[in-house]
Amino acid sequence: MTSWQSVLKKSITTAGELAHHLDVPEEEITRVAGVYPMRINPYYMALIRRHGAPLLRQAVPDIRELHDPDGMTDPLAEEDLSPVPNLVHKYPDRALLLVCSECAMYCRFCTRKRKVGTPGMAISRQGVRAGLDYLRRTPQIREVLLSGGDPLLLTDQRLDELLAELRAIPSIEVIRIGSRVPCTLPMRVTRELADMLARHHPLYINTHFNHPAELTAEAAEACGRLADAGIPLACQTVLLRGVNDDAEVLRRLMRGLLAMRVRPYYLFQADLTRGTAHFRTTIDRGLAIMRQLIGHLSGMAVPTYALDAPGGGGKIPLTPDYVTGLGEELRFTTYRDIPCAYPNRLPEDLRAGRDG
Ligand SMILES: *Cc1c(COP(=O)(O)O)cnc(C)c1O
Ligand code: SF4
């Protein structure tokens, strides 16, 4: 067993074990974890003890998970959009392939809470093979996103085989891996892993950090190894009430990510997933926060605030409105809230067709 595997094996999965570390309502946690599994590995547990609520809320079960009657089990209609199990084909040119049912930590706000980490998501080699067959016979798919669960919990060997099989499909140009491992189990990102991944370029990794306290020296080292292997890194953060719904917290997170060579990509509005209502913010709040990011920090550090449409309609960007009027001139406010204008017509000579 490699060292990251032994760290993972020491994860807390029951309320009784958790009570040794934190003062928690054991009986409630047992009930919630019986429905939605808990896994808190020693690395993330140490971060929780040091930083408290914003990290604790992401990992420790909350009784409110069981009281969310309006929530949807599959808000993005992924099961309806799956031509074969564990492959979601929503956009014309890209597909999502779920290759691992486990994660290094079970996030309480997970969109795939209905199945991630449960026996309902067992993924067999045969299942993955059906996904690969679909990709072979659907050449309009140019990009494959590996997700789960967390693909980086597969062994190096299994992942290498899988990537080789994908690379053997001529229509697939780009491989993208979605993984929270650089944040929740950074020791998994070994030099061997980075070297192996580099043999399957063009390969991108989108990771997932939600709070600046997650930007540890270990996480920076993990991201540095991947970046050194030529893998472009981006981050998909989820906007979470009581965790990061604050402009100053997000500014620190986004700046810190950029300094770790990770480019902020999406800031997701929380999905309507059952059991996650207590994490949701209003869209107004998200837009107000974006106003406090845009222009106030490097454009490279500003993610796109996006909503994944319920029912599988895809992601749409949510952008604060700077436009106050559009007629003979565009009227708008600057990022500092100062009124400004720009002409919405061509210069005289161009209008008269005298420009040659
Ligand atoms: C999010 C998602 C993608 C990728 O969308 P991008 O906007 O390209 O990041 C692809 N397929 C599915 C099913 C998705 O949910
Ligand atoms: S790492 Fe991703 S897939 Fe796994 S529980 Fe967290 S949000 Fe869900």
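**Note on the predicted model: a hairpin sheet, a helix pair and a buried threonine**

1. Strand 11 (residues 329-333) and strand 12 pair in the antiparallel sense, over 5 bridges. Two strands count as paired if DSSP finds at least two bridges between them. Strands (E, at least two residues) and helices (H or I, at least four) are DSSP runs, numbered from the N terminus.

2. This is a predicted model; local features need pLDDT of at least 70, side-chain atom pairs count only at pLDDT 80 or more, and totals for chains, interfaces and linings use all residues. Residues are numbered from 1 along each chain as its sequence is written, chains are lettered from A and ligands numbered from 1 in the order in which they are written, and side-chain values use heavy atoms, with hydrogens and water left out.

3. Which residues face each other across this pairing? Glu329 has Pro343 in strand 12 as its bridge partner. Arg331 stands opposite Ala341 in strand 12. The two strands, 11 and 12, form a hairpin with 5 residues between them. In the turn, Asp337 has a positive phi of about 70°.

4. The hairpin belongs to an open sheet of 3 strands, in the order 10-11-12, with antiparallel pairing. Strand 10 (323-326) and strand 12 (339-343) stand at the edges with a single partner strand each, so one side of each has no neighbour in the sheet. On average, neighbouring strands here are turned by 15° against each other, direction ignored.

5. Now the helices. The axes of helix 6 (residues 125-136) and helix 7 (residues 156-167) come within 11 Å and cross at roughly 20°. Axes are lines fitted to C-alpha atoms, for helices over the stretch in contact, and angles run from 0 to 180 degrees between N-to-C directions. The two helices, 6 and 7, are therefore roughly parallel to each other (angles under 35 degrees).

6. What meets what between them? Arg125, Val128, Leu132, Leu135 and Arg136 in helix 6 meet Arg158, Glu161, Leu162, Glu165 and Leu166 in helix 7. Contact means heavy atoms within 4.5 Å. The residues of this contact divide into 5 nonpolar, no polar and 5 charged.

7. Is Thr273 buried or exposed? Thr273 is buried, at a relative accessible area of 1% (buried means under 20%, with a 1.4 Å probe and protein chains only). Thr273 lies in the loop between strand 7 (262-268) and helix 12 (283-291). Leaving aside neighbours within four places in sequence, its contacts include Asp68, Met72, Cys110, Lys113 and Arg280.

Definitions and conventions: Angles under 35 degrees count as roughly parallel, over 145 as roughly antiparallel, 65 to 115 as roughly perpendicular and the rest as oblique. Ala, Val, Leu, Ile, Met, Phe, Trp, Tyr, Cys and Pro count as nonpolar, Asp, Glu, Lys and Arg as charged, and the others, Gly among them, as polar. Buried means under 20% relative accessible area, exposed over 50%, partly exposed in between (1.4 Å probe, protein chains only).
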